[in-house]
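User: I would like to learn how to read a structural model feature by feature. Could you take me through this one, giving the general idea before each case?

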Amino acid sequence: MKYAPLLLLVTVAVLIALPWLVSGSMLNAAVQMLIAALFAMAFGLLCGQAGMLSFGHAAYFGVGAFAAVHAMNAFGGEGLLPTPLLPLVGGATGLVSGLLAGYFSTKRTGVYFAMITLALAELLHALAPHLKTVFGGEAGVSSFRMPAWGIGFGSLNDVYFLTLVWTLLCIGLLYLFSKTPLGRLALGLRENAHRLRFLGYNTHALGTLIFAVSAMFAGIAGALQSMNIEAANYVVLESHISTAVVLNSFIGGVRVFLGPAIGGAVMTFFGHVTSDLTRVWLLYQGIIFVLVMMFLPRGLVGELVERIRNPSGEGFARTLSTLLARLASLAIAAFGAVFLIEFLQRVLSPEYRAGVTDGNWPDIALFSYDWAPLSVLPWAFGLGLFGIGIALVTMVNRRVAARKEAQA
Amino acid sequence: MSDPILSLQHVHKSFGEAHIIRDANLDVIPGERHAVIGPNGAGKSTLFHLCSGQFAPSEGKILLNGKNIAGLKPAEVNRRGLARSFQITNIFPGVTVFENLRLAVMRKHNLQFVFWRSAARLRVVNEEVDDLLTKIRLTDRAQTLASQLSYSEQRSLEIGMTLASDPQVILLDEPMAGMSHEETDYTAGLIREITEGRTLLIVEHDMSVVFSLAHRISVLVYGEIIATGTPEEIRGNARVKEAYLGEEAA
């Protein structure tokens, strides 16, 4: 991994130059990607490093978001808490609520731990609409970013850089944290808490502390979110936020350091792009998660790291050509699958069904062609492409296996 | 005879109706290697669990350096100078050998809730880890994942972790279980080396190991210690022969 520092430098440079490289809509997506990346990293500390699977991390993201909005209103972006420092409020709130929730939830492990985190988050979510002064009811709480330190914070560029600086700073801190004695003990907690206890460590206190640190960074991510949209609504406490961070982190690879961040960013980008193109983008997200878990259980980054550490022994060119062959075959299969799903979704949509009269099924436009739903053609086209793609990838896999056998 | 470093006085442990340990009395002298033997189900592991704090005795006293440790939590017992290994290999499988030992060593230096220092720069800790690696002969394997070690290497690592807190008393629970002859000889040598200047209490089934390693042996049968003495005394003890050694001693 000798290229890692160089890669990191290039990534940061690209991130800094991004406002001049992409459109406003894409930059807006980039802000959300950064927030999702930081949130996933906070989750990754708890789940990937300390082995505690939280199903309720929306709670800490949410309290951070609300704390920042209230602080924005209270201080007006001046005095003790100028706008750029507002995420600190989110972090502090996350830390305190994390200490409380962590104290109770880390008394148990595994499934029971997950259930307690879920229950606590749902409790907060159920309570929120009734606490109108804190959570603002249906309308939520809104605010305005005020200028501070000579920066306007009105433009998207300013918001982007604010988010970028905080995200990079926090990820850096999380990296350093993983190198400290407490960070190392998180691994011990994951690997064998029983042994840690016998070595004389206070595993409950360790778990609580790591939970709180994770909640703190989740709170900072939440604060960045509410600063971005200048509002917070109790929707941020919903369980799908908790679920999304779990899925994103696992897709990226929860056990490798930057895995959750990449997962969060990639899936947010995916959502941004596909939610404009198709109504069933959540289905695609689900399919991607299932496929990653089945075939790349270490996650995207985890698998990449593993490949770099333990190369296949076939040389760079061979590995690359195999990879490209696999990707090309998968792209064909994916196109077939997407075609089928989209076609089916259109056929089943209420709008289309309303247009069907007396057995007359109008043509459906998809990928700039009109397809007759009762004809065999569109179905054969989709299924055929899917089949060809799968057949091709199977062929590639067989060849690789045969080569391995010949070597052995 | 000097004062015992570890002393069990009228210790009794029952789980509901089952009386596992009945009125056990045992004195372990500083510096000796003391073995506990007995048939399966005699309560040897329970005895260890009582000494190391995993269970609290139903009755009786357990004195470590003259202070009662009965009912203390494992962590507290550990801090008072008694460390144990486990019958089932109990390590951190998904991290390196070095990391395993570092986690064990950090405790001794009270590095628990420390998040402002880099673990890589804890000079004393890392030196001690290197030292332990040498002692348990795993220096070459420092960067290997613990899960990828061979069985006897994992047992060595387990012993190394037990040593990390620099304990006065070490409890080893069947360290040779499941080992080949070569591995057993190797581990016996290792135990001899590392217990130099410490007190060892060991449970082991391999009688050749027990009789060559231990200065004194206690025999536990149905929760009672029926005899304590040197290997010769134990070999010659009629009750022991009858209860346990039987054919082997003949």
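Analyst: Please keep in mind throughout that this is a predicted model. A good place to begin is the interior, since in soluble globular proteins nonpolar side chains tend to be buried together. Here the largest nonpolar core has 167 residues, and those with the most contacts inside it are Leu38(A), Phe39(A), Met41(A), Ala68(A), Phe217(A) and Ala221(A). The element that gives the most to this core is helix α2 of chain A, residues 24-49, with 16 residues.

User: Which residues does Met41(A) touch, leaving aside those up to four places away in sequence?

Analyst: Met41(A) touches Ile171(A), Leu174(A), Phe217(A), Pro260(A) and Ala261(A), once residues up to four places away in sequence are left out.

User: How should I decide whether a residue is buried or exposed, for instance Asn248(A)?

Analyst: The idea is to count neighbours: a residue is buried if 20 or more other C-beta atoms lie within 10 Å of its own, and partly exposed if the count falls between that and the exposed limit of 12 or fewer. Asn248(A), which lies in helix α10 of chain A (residues 239-252), counts as buried because it has 31 C-beta neighbours inside 10 Å. Leaving out residues up to four places away in sequence, Asn248(A) touches Ala36(A), Ala40(A), Pro260(A), Gly263(A), Gly264(A) and Met267(A). For another case take Met293(A), in helix α12 of chain A (residues 281-295); Met293(A) has 13 other C-beta atoms within 10 Å, so it is partly exposed. Sequence separation can be set beside spatial separation as well: Met293(A) and Gly253(A) are 40 residues apart in sequence and 9.8 Å apart in space, C-alpha to C-alpha.

User: What does the domain assignment give for chain A?

Analyst: For chain A, the assignment gives domain 1 (11-282) and domain 2 (311-407), and the centres of these two domains, taken over C-alpha atoms, are 36 Å apart.

User: How many residues of chain A are in contact with chain B, and where do they come from?

Analyst: An interface can be read by counting residues on each side, and then by asking which elements and residue classes supply them. In this model 21 residues of chain A are in contact with 27 residues of chain B. On the chain A side, α7 (156-179), α8 (181-198) and α9 (203-229) each supply at least two residues, with the largest share, 12 residues, coming from α8(A). By class, that side of chain A has 10 nonpolar, 6 polar and 5 charged residues.

User: How would I judge the overall form of chain B?

Analyst: One can compare the spread of the chain with what is expected for its length. Chain B, which has 9 helices and 10 strands, has a radius of gyration of 18 Å, close to the 18 Å that the globule rule gives for 250 residues, so it is as compact as a globular protein of that length. Of the 250 residues in chain B, 44% are buried.

User: Are the two faces of strand β3(B) covered or open, and which strands pair with β3(B)?

Analyst: A strand can be read face by face, and then by its partners. Both faces of β3(B) are covered, with Arg33(B), Ala35(B) and Ile37(B) buried on one side and His34(B) and Val36(B) buried on the other. β3(B) pairs in the parallel sense over 4 bridges with β8 of chain B, residues 199-203, where Leu201(B) is the bridge partner of His34(B). β3(B) also pairs in the parallel sense over 4 bridges with β9 of chain B, residues 216-221, and there Ser218(B) is the bridge partner of Val36(B).

Notes:
Residues are numbered from 1 along each chain as its sequence is written. Chains are lettered from A and ligands numbered from 1 in the order in which they are written. This is a predicted model: local features need pLDDT of at least 70, side-chain atom pairs count only at pLDDT 80 or more; totals for chains, interfaces and linings use all residues. The radius of gyration is taken over C-alpha atoms; the globule rule is 2.2 Å times the number of residues to the power 0.38. A nonpolar core is a set of buried Ala, Val, Leu, Ile, Met, Phe, Trp, Tyr and Cys residues joined through C-beta atoms within 7 Å. Two residues are in contact if their C-beta atoms, placed from the backbone, lie within 7 Å. Ala, Val, Leu, Ile, Met, Phe, Trp, Tyr, Cys and Pro count as nonpolar, Asp, Glu, Lys and Arg as charged, and the others, Gly among them, as polar. Domain bounds come from an automatic or database domain assignment. Two strands pair if DSSP finds at least two bridges between them.
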